[in-house]
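Me: Please pick one part of this structure and give me a close look at it, with the cut-off for each term where it comes up. I would like one connected account rather than a list.

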Amino acid sequence: MATERFHTPADVGVPAVSAETMRRVDRVAVDEVGIELRQMMENAGRTLAAHVFEVDSDSALVVAGNGGNGGGGLACARHLANHDVDVSLVLDREPEELTGAAAHQYRILERMGITAGVGSGAVSGAESVSVVVDALIGYGLTGRVRDPAAALIRAVNGRGAPVVSLDVPSGIDATTGDKLGVAVDPSRTVTLALPKTGLRGRSEPLFLADIGIPRTVYRRLDIEYVNPFGRAWWVKLAS
Ligand SMILES: NC(=O)C1=CN([C@@H]2O[C@H](COP(=O)(O)OP(=O)(O)OC[C@H]3O[C@@H](n4cnc5c(N)ncnc54)[C@H](O)[C@@H]3O)[C@@H](O)[C@H]2O)[C@H](O)CC1
Ligand SMILES: [K+]
């Protein structure tokens, strides 16, 4: 099967990958090349913050889950706060239940004096939200969206504020593009490293963020890759 490609404004073709292939890319980057997950996450969070600035920079609500997607959102929350954005935070679980990279990122925010609300009521009740960051679920979605994430997604859509989704709109299967029950309806999506096949044909603008993965990673996996970014840190993509 021919590789599906997205295109940059300069007409560079970028291969689209499934969640499974993206996971392999991450694994090679970490295990064979020695790039730590937190390094990639820092780049993701910073670029995501830059996109929030482009949409509106007064006040942001970051909605985060407990995986790599949530970790990137929490890193973004830190960058936003450092740049004087009024940030509020909502998690899909109690902070004590966070694990791994998401727990690490959250602990830093706590020390900065930023603490999270939990659940859909905290999304609906948050005051002055000019933009929402959707970092609930990325390519790690497994099956139909369950509560509390499902209720959080409905509450995010119900706010009517512009939404910037990280990697994949939460609730959309990264590989197939299927809506697994309920999904965030973003005003833009910022996907990481390579576009996911499930993002093809979506109506919101799609951006690809450079999270620092060198081309040797793609070469090791026989993924045909030409630098799509030029000298920039992100690029718009068309499918
Ligand atoms: N190279 C890269 O692209 C990098 C991507 N990163 C980000 O990491 C995520 C993938 O991380 P992972 O931990 O594998 O999974 P997610 O965060 O996407 O999902 C886990 C999260 O979602 C909840 N969840 C999963 N399925 C369901 C469901 N059916 N119902 C309800 N909730 C669900 C689960 O409980 C967790 O909270 C990728 O998308 C990128 O954003 C890395 O940060 C850097 C490298
Ligand atoms: K997301």
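Reply: Helices (H or I, at least four residues) and strands (E, at least two) are taken as DSSP runs and numbered from the N terminus. The model is a predicted one, in which local features need pLDDT of at least 70 and side-chain atom pairs count only at pLDDT 80 or more, while totals for chains, interfaces and linings use all residues. Residues are numbered from 1 along each chain as its sequence is written, chains are lettered from A and ligands numbered from 1 in the order in which they are written, and side-chain values use heavy atoms, without hydrogens or water.

The part chosen here is Asn-69 and the metal site to which it belongs. Asn-69 sits in helix H3, which spans residues 68-82. Its relative accessibility is 9%, so Asn-69 counts as buried (under 20% relative accessible area is buried, over 50% exposed, and in between partly exposed, with a 1.4 Å probe and protein chains only). Leaving aside residues up to four places away in sequence, Asn-69 touches Asp-134, Ala-135, Leu-136, Ile-137, Gly-138, Leu-166 and Asp-167, where contact means heavy atoms within 4.5 Å. The side chain of Asn-69 also comes to 2.9 Å from the backbone oxygen of Leu-166. That is a polar contact: a pair of N or O atoms within 3.5 Å, where within protein one must be able to donate a hydrogen and the other to accept it, and residues adjacent in sequence count only if both atoms are side-chain atoms.

The potassium ion (ligand 2) is coordinated at 2.7 to 3.1 Å. Its donors include side-chain positions on Asn-69 (OD1) and Ser-170 (OG). Asp-134, Ile-137, Leu-166 and Val-168 each contribute the atom O. Donors are N, O and S atoms within 2.8 Å of the metal, or 3.2 Å for Na, K and Ca; water is not among the atoms, so sites may look incomplete. Along the chain, the donors follow the spacing N-x64-D-x2-I-x28-L-x1-V-x1-S. Asn-69 is in helix H3 and Asp-134 in strand S6, so this pair ties together parts that lie 65 residues apart in sequence. The angles among the 6 donor atoms run from 66 to 172 degrees, and the site is irregular. For that label, four donors would count as tetrahedral with all angles between 85 and 135 degrees; four would be square planar and six octahedral with opposite donors over 155 degrees apart and all others between 65 and 115; anything else is irregular. Ideal angles at a metal are 90 or 180 degrees for six octahedral donors, and 109.5 degrees for four tetrahedral ones.

Next comes the strand that holds Asp-134. Asp-134 has 2% relative accessibility and therefore counts as buried. Strand S6 covers residues 131-135, and 5 of its 5 residues are buried. Val-131, Val-133 and Ala-135 lie on one side of S6, Val-132 and Asp-134 on the other, and both faces are covered. In a regular strand the side chains alternate between the two faces of the sheet.

S6 has strand partners, including S3 and S7. Strand S3 (residues 59-64) runs parallel to S6 and is joined to it by 5 bridges, and Ala-60 has Val-131 as its bridge partner. Strands count as paired if DSSP finds at least two bridges between them. S6 also pairs with strand S7 (residues 163-166), in the parallel sense over 3 bridges. Between S6 and S7 the chain passes through helix H6 (residues 149-159), in a right-handed β-α-β crossover: with the strands pointing away from the viewer, the path from the first strand over the helix to the second runs clockwise. Across this pair, Val-132 stands opposite Val-163, and the donor residue Asp-134 is bridged to Ser-165.

In S7, Val-163 and Ser-165 point one way, Val-164 and Leu-166 the other, and all are buried. S7 pairs in turn with S8, again in the parallel sense over 3 bridges, with Leu-166 partnered by Val-190.

Two backbone details complete the picture. Asp-167, in the loop between S7 and strand S8 (188-192), has a positive phi of about 70 degrees although it is not a glycine. Asp-167 is buried because its relative accessible area is 4%. In the loop between S6 and H6 lies Pro-148, and the peptide bond from Asp-147 to Pro-148 is cis, with omega near 5 degrees. Most residues other than glycine have a negative phi, and most peptide bonds are trans.
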